[in-house]
Amino acid sequence: MVDDVNGAVRNSPPRMVVGISGASGAIYGARVLDALNDLGVESHLVVTKAALLTLSQETDLTADALSAKAAVTHRLADVGASIASGSFRTLGMIVAPCSVRTMSEIATGVTSSLLTRAADVTLKERRPLVLMVRETPLHLGHLRTMTALAEMGAVIAPPLPALYARPASIQEMVDQSVGRALDLFGLDWSAVRRWDGLK
């Protein structure tokens, strides 16, 4: 590979940053990693401590099993990691699921971890940032924070079931939401059931 003058690499494999924060729905992040593996996209994972707690409560996955799904796993406190720099080229970043705390940190730019720093970098570099926010009901503060993020260029994509796809399992509902979120990066995952008109 040939290096650019700024240290970025040309002709690199497509990469995506995946953040998993502590909201309910850690399975969304795990399935994002599975999808990126299927699509040949190099995944760079960063996980909060609360996310690992949620993972243990909601799934049978261990932290090691989750990390094994990623091409690279970064430590939450490692603010010197590659994904903390805009010169590290990626397709963008998805936070799946995204907690209100994580969303709020990103919105203010006062980042306290590698996850929120990487999201801030994604915004400043004008790359796609997709936040699968998991919270309901939403109060006015949540809605104003989402508005601020949308104005900055982030996409708020709550994982909502697409019932037209007639999901037969929780995994099918999860995969549909994950696949539709990946559509926002121009990635076409085969698990998505696409609408083709009324029958």
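These notebook entries record what I looked up in this structure, which is a predicted model.

**Entry: cavities**

I searched the whole structure for cavities of 30 Å³ or more and found one, with a volume of about 50 Å³. I then listed the residues that line this cavity, which are Val17, Ile83, Ser85, Phe88, Thr90, Ala118, Val121, Thr122 and Arg127. When I sorted the lining by residue type, I had five nonpolar residues, three polar ones and one charged one. Helix H5, which covers residues 114-124, gives the largest share of the lining, with three residues.

**Entry: methionine 93**

I next turned to methionine 93, which is found in strand E4, residues 93-98. Its relative accessibility is 0%, and because buried means under 20%, I noted methionine 93 as buried. Leaving aside neighbours within four places in sequence, I found methionine 93 in contact with several residues, among them Val17, Ala118 and Thr122, and these three names also appear in my list for the cavity lining. I also checked lysine 49, which is 44 residues away from methionine 93 in sequence and 19 Å away in space, C-alpha to C-alpha.

**Entry: aromatic pair**

My search of the whole structure for aromatic pairs gave one. Tyrosine 164 and tryptophan 195 form this pair, which is edge-to-face, with 5.6 Å from centre to centre and 80 degrees between the planes. Tyrosine 164 lies in the loop between strand E6 and helix H7, whereas tryptophan 195 lies in the segment after H7, so the pair ties together parts that are 31 residues apart in sequence. I noted tyrosine 164 as partly exposed, with a relative accessible area of 42%, and tryptophan 195 as exposed, with 51%.

Key
Residues numbered from 1 in each chain as written. Predicted model: local features only at pLDDT ≥ 70, side-chain atom pairs only at ≥ 80, totals over all residues. Heavy atoms only, no water. 1 Å grid on protein atoms, 1.4 Å probe; cavity = no way out; pocket = protein on both sides within 12 Å on 5 of 7 lines; lining within 4 Å. Points joined across faces, edges and corners; volume = space filled by probe spheres on them. Helix = DSSP H or I, 4+ residues; strand = E, 2+ residues; numbered from the N terminus. Nonpolar A, V, L, I, M, F, W, Y, C, P; charged D, E, K, R; others polar. Buried < 20%, exposed > 50% of the residue type's maximum accessible area, 1.4 Å probe, protein only. Contact = heavy atoms within 4.5 Å. Phe/Tyr/Trp six-rings, centres within 6.5 Å; stacked < 30°, edge-to-face > 60°.
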